[in-house]
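Reader: I would like to walk through this model with the cut-offs on the table. Could you tell me how each label was earned?

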Amino acid sequence: MSERPKPSRAPACASGYAFAHGSGYALPEYPFVEPPEIRCAAVVRHPVVIVGAGITGLTLACALARQGVAAILLDEDNTVGVKGASSRGICYTQKSLEIFDRLGVFERIARKGVQWSVGRTFAGADEVYSFDLRQQENFQLSLQPPFTNIQQFYIEGFLVERINQLNAKATATRQVQLRWCSRVTGFEQHRGFATLTVSTPAGSYPLQAEHVVDASGAHSPFHSWCGATMHTTQGDDRWCIADVRFETPAPAERHTWIEAPFNENRAVWQHLMADDVWRIDYQMEPDADPACIASEAQVRERLRRQFGDRVQWEIVWVGPYVYRSQCLERLRIGSVFFIGDAAKIVSPFGARGGNTGVADADNLAWKLAAVLQGNAPAALLESYNEERLEAAQTNVRVTNRTTRFLRPAHGVERVFRSAVIGLARQYPFARQLVNTGRMAVANPYTRSSVCAVTGGLSVQNVRLRWADGKAGCITDLLQWADGRLLLLAFGDLSAIACQRLIRLGAQAPLRSVQVHAPGARPKARESVLDPLGHVQGACHLFGHAWALLRPDGYLAATGEAVDGALVAAVARAIGMHTKERA
Amino acid sequence: MNISPKLQDADAFYEQLLDAHSGLSRPESELLNARLILLLANQIGDARLLAECIVAARGDASLANAR
């Protein structure tokens, strides 16, 4: 896995989790297949080459496979996860789960993972506050739960199998080839394409790509190959993970201690995962020695202090880590797109690393597909940088604020934190200042050249009814649109409006559907029912209006009449107006 | 930010503020001040107003007086 810290790097430099010890997991192994290029002198140019089969690279590969876009995915080893160890990410948001639903792996994730919606925060022996996301209106309408916890490598494994399944149904020119044991050791950028040197057990070979997607993680070599510039901040906060299997079942809740009496008044995180494994994350002394804090004796002593002598447990995995925050100034340089940890690195609080990487992949996938299949101009691709750079910068800012709360500088920062914790025990207002991580959200896009001011928001996967009364959801409609834009026209439609929608559908990559209340007579060719008004609510709309959805479930624009404004919104959504704006 | 007088009883407020600190150690006083700032900030609520107050409090002239 490209994202794994190299053995030569001390954990003190890693944002990933370094394996220390533990019984670990048995991970799947994938065969190295000698690629034809090794024995062939001619250099083949591929439309898309993805580097790194972590969760972001695999999400992109799976999304392209679903769209029938040929691609090559290169990974330096032959498995998912960190070999012989545990996963890094554990917590997946509703938006990520909705994306996985579209890719066809959500059911497996839901079966294997653990749902949770209750979080409790403690300081000392007291519960400072708790929340239940199920009670919050903004989470309850989607078919996917607010969060599911599962070891990252399970999702990666499901995506590999899904890609193989999609490949089996596709012709050779529309497949996504997974090439294991293939490390990129050289790179050269040319006008309109790039050349990569790939090293394998059978030798090296050159590969050309129109579009290169760097999903190779925190230590990506592409940063220096491309001359990428970035902002980096490294703190002195140190943590140590213990993934532990208990004999007694654990509550499916997120528990966080800002000041844990059993951890010398430093923070502790406790999360449930699949296989009855808990992830327990201990904050250590600033600048603590990773080798020392991860020693088996120390970890056992820490667990004993937290759970007492009578609870039986088994250590699955231990990993000390340090995080840094880092954000590239541009997420696209020439032919190269940066996604996931290659684009930005955040502290783990709030699950904003993996989830936003999945969103990066989902954002880029439909744009690459639209451009490569001739449905949109190449200018659409620049909006990946606009939208996901805004998201990356937001996520870096949000996680840095959490870091400052969890590891306050000595002096006044610590005084204010004590004031907040003391007040929060007594007064509800102060609880909003307790920052143990702001959970990842579907970041809105406010400065995208392909979204109108009415667009840029994610639409939840809410329920609807097909014209025949059968149950459906937004994901079904997006699948039906099949990589095209999806127009939802709410309420009544005039005959002229219906004619316009048919014409527009013939000229642009767009499918239209009328959304109406039960009892109304639909006029458009395709219609669905929205008996509870959830679809309209999810589109942030009222009354007679239209919503233009993109394949990534984001609104490109909303409007009222089916007129020139809609035509302009469709053109803008596929990048046809970006040049004029610039 | 309101810079015209608004306190109903300025002298009494000032006295209460000083009295609240009497008998406290330096760290205890600092904690009291921090708690008070947070309580008052919540009474204001308005983000722009709070930002203006922070800038005004940080003003170079008043910090120079303190040194």
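**Labels and their cut-offs**

Author: Happy to! Of the contacts in chain A between residues at least 6 apart in sequence, 73% join residues at least 24 apart. The model is predicted, with local features needing pLDDT of at least 70 and side-chain atom pairs counting only at pLDDT 80 or more, while totals for chains, interfaces and linings use all residues. Residues are numbered from 1 along each chain as its sequence is written, and chains are lettered from A and ligands numbered from 1 in the order in which they are written.

Reader: What makes two residues a contact?

Author: Their C-beta atoms, placed from the backbone, must lie within 7 Å.

Reader: Why does the size of chain A agree with a compact globule?

Author: The rule for a globule is 2.2 Å times the number of residues to the power 0.38, and the radius of gyration is taken over C-alpha atoms. For 582 residues that rule gives a value near 25 Å, and chain A has 24 Å, so the two agree. Along the principal axes, the C-alpha atoms of chain A fill a box of roughly 75 × 65 × 45 Å.

Reader: What counts as a helix or a strand here, and how many does each chain have?

Author: Both are DSSP runs numbered from the N terminus: H or I over at least four residues for a helix, E over at least two for a strand. On that basis chain A has 16 helices and 28 strands, whereas chain B has four helices and zero strands. The order of elements in chain B is α-α-α-α from the N terminus on.

Reader: Why is helix α2 of chain A called mostly covered?

Author: A residue is buried if 20 or more other C-beta atoms lie within 10 Å of its own, exposed if 12 or fewer, and partly exposed in between, with C-beta atoms placed from the backbone. Ten of the ten residues of α2(A) are buried, among them A:Lys95, A:Glu98, A:Asp101 and A:Arg102. Just after α2(A), A:Gly104 has a positive phi of about 90°. For the chains as wholes, buried residues make up 52% of the 582 in chain A and 1% of the 67 in chain B.

Reader: What makes β1 and β11 of chain A a pair?

Author: Two strands pair if DSSP finds at least two bridges between them. Strand β1 (45–51) and strand β11 (203–214) of chain A are joined by six bridges and run parallel, which passes that test. One partnership there is A:Val49 with A:Val212. A:Val212 also has A:Val336 in β20(A) as a bridge partner, and three bridges join β11(A) to β20 (336–338), again running parallel. With β10 (194–200), β11(A) pairs in the antiparallel sense over seven bridges, and a hairpin of two residues joins β10(A) to β11(A).

Reader: How do you know which strands are the edges of the seven-stranded open sheet?

Author: The sheet of chain A runs β23-β22-β26-β25-β24-β27-β28, with mixed pairing. Its edges are β23 (471–473) and β28 (555–559), as each pairs on one side only. Neighbouring strands of this sheet are turned by 35° against each other on average, direction ignored. Within the sheet, β22 (463–466) and β26 (527–529) of chain A meet the pairing rule with two antiparallel bridges.

Reader: What angle does helix α15 of chain A make with β28(A)?

Author: Helix α15 (564–573) runs at about 175° to β28(A). Axes are lines fitted to C-alpha atoms, for helices over the stretch in contact, and angles run from 0 to 180 degrees between N-to-C directions, so this value belongs to the far end of that scale.

Reader: Where do the domain bounds of chain A come from?

Author: They come from an automatic or database domain assignment, which gives domain 1 (11–34 + 44–391) and domain 2 (463–581). Their C-alpha centres are 33 Å apart, and their contact takes 18 residues from each domain. On the domain 1 side, α8(A) gives the most, with five residues.

Reader: Which classes of residue make up the side of chain A that touches chain B?

Author: Ala, Val, Leu, Ile, Met, Phe, Trp, Tyr, Cys and Pro count as nonpolar, Asp, Glu, Lys and Arg as charged, and the others, Gly among them, as polar. The contact takes ten residues from chain A and six from chain B. α10(A) gives the most to the chain A side, with seven residues. By class, that side has eight nonpolar, two polar and no charged residues.
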